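Let's walk through this structure together, starting with its charged pairs and then turning to its nonpolar core.

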Amino acid sequence: GIVKAAQAQIGKPYDFFNFDLNDDSGFYCSKLVWQCLWRTAKVAADDNPDPQRGKWFPPWFSPKALIGVKRIAVLHKPGEY
């Protein structure tokens with residue numbers, strides 16, 4: 001289901017500044033992953049189910065947000081980015 005949800009977004013524009021994780025009019029790479037996982041499995045990849053990220057700034061989801069999530073095992077630390 002997650003792959004089908006992602007495939008349904010093919011053709012939509014890359015939009016780095018579209019931070020609302022519920023808005024599927026445009027995507028940045030991490031947002032696509034978060035949204036497809038949330039919509040199909042009801043699992044927030046980073047344990048934060050708030051699609052607008054409340055008072056966080058920037059109010060987005062990035063791979064770095066996965067650090068510290070209990071169900072995620074860090075296999076390699078490439079360094080700071």
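Start with Asp46 and Arg53, which form a salt bridge whose closest N and O atoms are 2.4 Å apart. Both Asp46 and Arg53 are buried. Keep in mind, as you look around, that this is a predicted model.

Next door in sequence sits Asp47, whose side chain meets that of Arg71 in a salt bridge at 2.7 Å, N to O. This pair links distant parts of the chain: Arg71 and Asp47 are 24 residues apart, each in the segment after H2. Here the partners are partly exposed, Arg71 at 48% relative accessibility and Asp47 with a relative accessible area of 44%.

Now move to Arg39, which forms a salt bridge with Asp24, with 3.1 Å between the closest N and O atoms. Arg39 lies in helix H2 (residues 29-41) and Asp24 in the loop between helix H1 (2-7) and H2, so this pair ties together parts that are 15 residues apart in sequence. Arg39 is partly exposed at 36% relative accessible area, and Asp24 is partly exposed too, at 27%. Lys12 joins Asp24 and Arg39 in a network of salt bridges. In total, the model has four salt bridges.

What about the nonpolar side chains? In soluble globular proteins, such side chains tend to be buried together. In this model, the largest nonpolar core has seven residues: Phe19, Leu21, Tyr28, Trp34, Ala44, Ala45 and Phe61. Tyr28 is a good residue to click on: beyond its neighbours within four places in sequence, its contacts include the core members Phe19, Leu21 and Phe61. Tyr28 is also in contact with Tyr14, Asp15, Phe16, Asn18 and Trp60.

Notes:
Residues numbered from 1 in each chain as written. Predicted model: local features only at pLDDT ≥ 70, side-chain atom pairs only at ≥ 80, totals over all residues. Heavy atoms only, no water. Core = buried A, V, L, I, M, F, W, Y, C linked by side-chain atoms within 4.5 Å. Buried < 20%, exposed > 50% of the residue type's maximum accessible area, 1.4 Å probe, protein only. Contact = heavy atoms within 4.5 Å. Helix = DSSP H or I, 4+ residues; strand = E, 2+ residues; numbered from the N terminus.
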